[in-house]
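Here are a few notes to read alongside the structure. Take them in any order you like, and keep the viewer open as you go.

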Amino acid sequence: QVRLVESGGGLVQVGGSLRLSCAASGSIFSIIAMGWYRQAPGKQRELVAVVTSSNSTNYADSVKGRFTISRDNAKNTVYLQMNNLKPEDTAVYYCNAASVVAGVPYDSWGQGTQVTVSS
């Protein structure tokens, strides 16, 4: 089992920056990828960015060039640096860890952190 604890959300003005952190604990050896998703009110949860164990990254088109995902393996932590924030980035951001144990895939989720971008 993987436990994820997020931090770093908050209120920021348009054009501002925030950095989200997600610390993983537990069966971290089983993690093959970690990522960030977000869910705005009345909308489905969507992928924002993901980084694999081989350090490949992928981003939603809406955040390319503004957000950067990175990982610190020594700290078992994944970060999401968000720059040039827009009102449409307002959402609850969730950290995700994709794991495989004995050939069975698992998804673990953090509790979510609110990001609000005000104009």
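Where is Asn 84 found? Asn 84 is found in the loop between strand S8 (77–82) and S9. Please keep in mind that this is a predicted model; the points below start from the whole protein and then come back to that loop.

1. **The overall make-up.** The protein has zero helices and 11 strands. If you read along the sequence, you meet the pattern β-β-β-β-β-β-β-β-β-β-β.

2. **Size and outline.** How does the radius of gyration fit a compact globule? A compact globule with 119 residues would have a radius of gyration near 14 Å, and the protein has 14 Å, so the two agree. Along the principal axes, the C-alpha trace spans about 50 × 25 × 25 Å.

3. **Inside and outside.** Of the 119 residues in the protein, 40% are buried. The exposed area comes to about 6,300 Å², and carbon and sulfur atoms supply 49% of it. Among contacts with a separation of 6 or more, 54% are between residues 24 or more positions apart.

4. **A sheet to trace by eye.** Look for an open sheet of four strands in the order S1-S3-S8-S7, with antiparallel pairing. Its edge strands are S1 (2–7) and S7 (67–72), each of which pairs on one side only. From one strand to the next, the twist averages 20 degrees. As background, strands of a sheet pair through backbone hydrogen bonds, either parallel or antiparallel.

5. **The S1 and S3 pair.** How many bridges join S1 to S3? There are six, and S1 and strand S3 (residues 18–26) run antiparallel. To find your place in this pair, start from Arg 3, which stands opposite Ser 25 in S3.

6. **Ser 7, also in S1.** Ser 7 has its place in strand S1. Ser 7 counts as partly exposed because its relative accessibility is 37%. Leaving aside neighbours within four places in sequence, Ser 7 is in contact with Arg 19, Leu 20 and Ser 21. Phe 29 is 22 residues from Ser 7 along the chain, and the C-alpha atoms of Ser 7 and Phe 29 are separated by 22 Å.

7. **Asn 96 in strand S9.** Is Asn 96 buried or exposed? With a relative accessibility of 5%, Asn 96 falls under the 20% cut-off, so Asn 96 counts as buried. Asn 96 is found in S9 (residues 91–101). The side chains of Asn 96 and Asp 107 are joined by a polar contact of 3.2 Å. Beyond neighbours within four places in sequence, Asn 96 is in contact with several residues, including Leu 4, Ala 33, Tyr 37 and Trp 109.

8. **Back to the loop with Asn 84.** Asn 84 has a phi near 50 degrees, a positive value in a residue other than glycine. Asn 84 counts as partly exposed because its relative accessibility is 42%.

9. **Ala 102, in another loop.** Ala 102 is found in the loop between S9 and strand S10 (104–109). Phi of Ala 102 is near 55 degrees, again a positive value in a residue other than glycine. Ala 102 has a relative accessible area of 78%, so Ala 102 is exposed.

Technical notes: Residues numbered from 1 in each chain as written. Predicted model: local features only at pLDDT ≥ 70, side-chain atom pairs only at ≥ 80, totals over all residues. Heavy atoms only, no water. Pairing = 2+ DSSP bridges. Helix = DSSP H or I, 4+ residues; strand = E, 2+ residues; numbered from the N terminus. Axes fitted to C-alpha atoms, helices over the stretch in contact; angles between N-to-C directions. Rg over C-alpha atoms; globule rule 2.2 N^0.38 Å. Buried < 20%, exposed > 50% of the residue type's maximum accessible area, 1.4 Å probe, protein only. Contact = heavy atoms within 4.5 Å. Areas by Shrake-Rupley, 256 points an atom, 1.4 Å probe, with all protein chains shown as cover. Polar contact = N/O pair within 3.5 Å; in protein donor to acceptor, adjacent residues only side chain to side chain.
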